[in-house]
Number of protein chains: 2
Amino acid sequence: VRLVFGLAACLVLWTACRTGDPRSSHSAIPPRLGPKLYLRGGAEHDELNARADRLVSMALANGQAYEILEDLCTTAPHRLAGSPGAERAVEWGYDTMRRLGLRNVRREAVMVPRWVRGDIEKLSLVGTAEEFKITALGGSIGTPAAGLAGEVVMVRSFEQLKQLGDKARGKIVFFNRLMNPALLNTFAAYGGAVDQRSRGPIHAARAGGIAAIVRSMTTLINDYPHTGATRYEAGLPKVPAVAISTKGAERLAALLQEGTVSLNLQLSCRTLPDVASANVVGEIVGMKPNEIVLIGGHLDAWDIGQGAHDDGAGIAHCLEAMRLIQVSGLCPKRTIRCVLYMNEENGVRGARAYVQRHKQDLERGTHYAAIESDRGGFRPRGFDSSARDERLAELQRVVEPLRSYHMGAMIKGRHGGVDISFLRPYCRLLFGLVPSSQRYFDFHHSDLDRMEAVNERELALGAAALAYLASVLADE
Amino acid sequence: VRLVFGLAACLVLWTACRTGDPRSSHSAIPPRLGPKLYLRGGAEHDELNARADRLVSMALANGQAYEILEDLCTTAPHRLAGSPGAERAVEWGYDTMRRLGLRNVRREAVMVPRWVRGDIEKLSLVGTAEEFKITALGGSIGTPAAGLAGEVVMVRSFEQLKQLGDKARGKIVFFNRLMNPALLNTFAAYGGAVDQRSRGPIHAARAGGIAAIVRSMTTLINDYPHTGATRYEAGLPKVPAVAISTKGAERLAALLQEGTVSLNLQLSCRTLPDVASANVVGEIVGMKPNEIVLIGGHLDAWDIGQGAHDDGAGIAHCLEAMRLIQVSGLCPKRTIRCVLYMNEENGVRGARAYVQRHKQDLERGTHYAAIESDRGGFRPRGFDSSARDERLAELQRVVEPLRSYHMGAMIKGRHGGVDISFLRPYCRLLFGLVPSSQRYFDFHHSDLDRMEAVNERELALGAAALAYLASVLADE
């Protein structure tokens, strides 16, 4: 039956995609009753298989995820929270949701930090013309205009820095621990190195250092530095912090092998007062309108590259999933709410504001499930889930129809993603879309994270998987 | 145990990769006895898990697949059989096998066709300056120097062309059937369209046409034409044949909607007499030296792009698998023979010559198994296999240790690949490495098939999977 349906769907879509522009048609789709699920019988099983087939075929043959992403990356390539680009992204998100025919489209206000990179980012070898490719870490303070010069001390860990005692005093601390390339999951490798970026300046200051240089978070060796958020600790001096390209890190380590190295660092970045911004929210209203299945990603992105994978892809996944659910004629029982979060990268204010604003609803248990996409637009493998073991086995059956598309994995996870992790006290079912992680950190937070790094079919499959899980959870 | 071993292996490799160059060390690895397998006990299971962990960690942390591929693509970017580039590739293959410490390294001679593209490839709209991006199909005849002009007739199928009757006589036949984007497996979509390329000129000639234009085999819409082999039939006229970019195909179809279109085609390609070339062969000699597990890919590639995925990746997979098996200290029972086949793209002479030359051995049943890699260097999912159902379940257990790396699939297939399909009468176990197919036809046979399209980690994983299966089959 599945095969026959699949072939039939292909034929229908094949014809459809040759003849018309579906953009014009979503709002014209007549609503029909959602199917009954979980009767554990053959018919429901067939319906879910057919649903998966339909969503995947539509996404591949006639999807718009790639166009949506291209549109975002063209409209607001740089969209760090608080920037004019982020405001363009908010307007774009609002307009796109309306164009897609979503209901209750709105901006939900949130105050966000405003960090500005400025024009000057320069790290040079004192006494030479040699420069390194760097990028200020988000949240870093700037240096005096003439720069800040000092000897460099290299460490691989905070422990090693501590053991140096006074030897780091007055120096520039260079954190040069690699992401472990032997780990299959590059997010695990990232997790084993990213404390240098997020807390390096704190440890540098504690050791009496004057600045922090952090090896970029990637397993590639090239000349593209990778930015990301860093933090300071109250009661400690703030020191300027930058990421150096991995090629630069290797070069610097080699120079340090030969003897003393002094560097001059100039940064013009600074933090301005908080400004108003917004999460963007839109819905497919279900027959039980007050029960919510939330899908989300983050609208903000770093100010280098285009944030195409991080998290343009997540935004495209979510918006395309909403479109697919509508055009496939599904009429979910629960409301599917799409949230484009603001400020995931450097403050997570959007996620906090969402919880604040919807606290009453959340406490009433209205949020049945939430799914986040924030791991890039690569070939999806399935989902991870916060569910407990018994429930996980059930959920494995739910995504079984995605298995023939090699995206039926249901992995034990923690909270699906940073933004929806704030829902944890109120919502037991948190999911994250899990794409292949092999290439993610080639691009992440760097100038390489552009449209060219995204494959149309891989992106489309992510949207189909998300549409499937959201729609099934909404009917469950 | 597995986790502990994995962590230990990571640590060891981590240290190793920080301290020395493994290139200098493979021949120094002391041989040790291969483990006993298939006792179905816990220890053997643990050994296989440990082997998979070791091979994957080594490939990811300290692999050379990417360097091998880069070396090939730099040494012989254009290496169509019979060309000077192909001869450089043969020498490169021979030298690389020697450098990797393989035994019985040799060239096995084979006569190959010699098709030459020439400098002129031009398709223009008569009466205008408008040109289309095209590439001659491999094996095509050229046109008269002044070109060949004619009206265009577009068809989506051979059936449709047949129904045109005499209306195609004297015309240029434009085959414009799309690869079906709704199919998950792009090789299936390719299979549904590629007859236009391989047999278009035959059908065009049969209908009285004067040339064949074929829509490029890709689901992308862009201006890169994709070449590939085409055929003529004895007794029918030969007509010149080209692939047009998909953007060009869309443009041409739009022009035909408006009215009559006449084109002028100029091609300077031609076929010269056959020349001598070679397959390149090297071995890891087992304790039962005359029993063979063969792994192979093809050394030749089309003369545009660099053949990085097709089939540089397969060559890199095979050579790196041979290196990994050696440096991991495995000492397989059967001989593992690596064959770099010549002329897969336009004649398959290498595969035929291999069977001719080794006929006696093959008839004695010396070839226990063969694995081919010729589907690109993308994220591997596992293997397909010619084995029958009962055996397939056993083989599924064999690759079980690859499952935690998401490459443990063992799919029912036909013959693993074009080159090893010639072994079918003599060898029951034929396997093909199966990577994700989503991006393959973005690059295949086009100028885009370059190093930049290959990801180091994805390529490394393919080599590890291949090394694992080859070494386990050799011990079975």
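Biologist: I would like to begin with a single residue, so in which strand does A:V275 lie?

Modeller: In this predicted model, A:V275 belongs to strand β10 of chain A, a strand that runs over residues 270-284.

Biologist: How should I read its accessibility: is A:V275 buried, partly exposed or exposed?

Modeller: A residue is called buried under 20% relative accessible area and exposed over 50%, with partly exposed in between. A:V275 has a relative accessible area of 25%, and is therefore partly exposed. Once the neighbours within four places in sequence are left aside, its contacts are A:G82, A:V110, A:M111, A:V112 and A:R114. A:A81 makes a useful pair with A:V275, since the two are 194 residues apart in sequence while their C-alpha atoms are 8.9 Å apart in space.

Biologist: Chain B offers another valine, B:V152; where does this residue lie, and is B:V152 buried or exposed?

Modeller: B:V152 is found in strand β5 of chain B, which comprises residues 148-155, and it counts as buried because its relative accessibility is 7%. Beyond its neighbours within four places in sequence, B:V152 is in contact with B:I172, B:F174, B:L256, B:V261 and B:L263. As a pair to consider, B:V152 and B:Y468 are 316 residues apart in sequence, and from C-alpha to C-alpha they are 52 Å apart in space.

Biologist: Let us move from residues to the chain; what do its secondary structure and its dimensions tell me about chain A?

Modeller: Chain A contains 14 helices and 16 strands, and its C-alpha trace spans about 75 × 45 × 40 Å along the principal axes. For 476 residues, a compact globule would be expected to have a radius of gyration near 23 Å, and the 24 Å of chain A agrees with that expectation. Of the 476 residues in chain A, 63% are buried. When contacts with a separation of 6 or more are considered, 81% of those in chain A join residues 24 or more positions apart.

Biologist: And how should I read its surface and its charges?

Modeller: The area exposed by chain A is about 17900 Å², of which carbon and sulfur atoms supply 53%. Chain A carries 58 positive and 52 negative side chains, and 3 Å separates the centres of the two sets.

Biologist: Turning to helices, which residues of α3 in chain A are buried?

Modeller: In α3 of chain A, residues 65-75, the buried residues are A:A65, A:Y66, A:I68, A:L69, A:L72 and A:C73. They lie on the same side of α3(A), because the arc they cover around the axis is only 160 degrees. What they pack against is α4 (84-99), α9 (308-327) and α14 (456-475) of chain A.

Biologist: Which residues are buried in helix α3 of chain B?

Modeller: In chain B, helix α3 (residues 65-75) has B:A65, B:Y66, B:I68, B:L69, B:L72 and B:C73 as its buried residues. Their arc around the axis is only 160 degrees, so they are on the same side of α3(B). The partners against which they pack are α4 (84-99), α9 (308-327) and α14 (456-475) of chain B.

Biologist: Helix α9 has now come up for each chain; how many of the residues of α9(A) are buried?

Modeller: In α9(A), 20 of the 20 residues are buried, so this helix is largely enclosed by the rest of the structure. The backbone here also deserves attention, since A:D310 and A:D311 are joined by a cis peptide bond with omega of about 0 degrees, and A:D311 is found in helix α9 of chain A. In chain B, the peptide bond from B:D310 to B:D311 is cis, with omega near 0 degrees, and B:D311 lies in helix α9 of that chain. Just after α9(A) comes A:G329, which takes a positive phi of about 80 degrees.

Biologist: A:G329 is a glycine with positive phi; which phi does A:N343 have, although it is not a glycine?

Modeller: A:N343 has a positive phi of about 75 degrees, and its place is the loop between β12 (334-341) and α10 (349-357) of chain A. With a relative accessible area of 0%, A:N343 is buried. A:H445, again not a glycine, has a positive phi of about 60 degrees; this residue lies in the loop between α13 (440-443) and α14 of chain A, and its relative accessible area of 5% means that A:H445 is buried.

Notes:
Residues numbered from 1 in each chain as written. Chains lettered and ligands numbered in written order. Predicted model: local features only at pLDDT ≥ 70, side-chain atom pairs only at ≥ 80, totals over all residues. Heavy atoms only, no water. Helix = DSSP H or I, 4+ residues; strand = E, 2+ residues; numbered from the N terminus. Rg over C-alpha atoms; globule rule 2.2 N^0.38 Å. Buried < 20%, exposed > 50% of the residue type's maximum accessible area, 1.4 Å probe, protein only. Contact = heavy atoms within 4.5 Å. Areas by Shrake-Rupley, 256 points an atom, 1.4 Å probe, with all protein chains shown as cover. Lys, Arg positive; Asp, Glu negative; His and termini not counted. Charge placed at Lys NZ, Arg CZ, Asp CG, Glu CD. Arc of directions from axis to C-beta.
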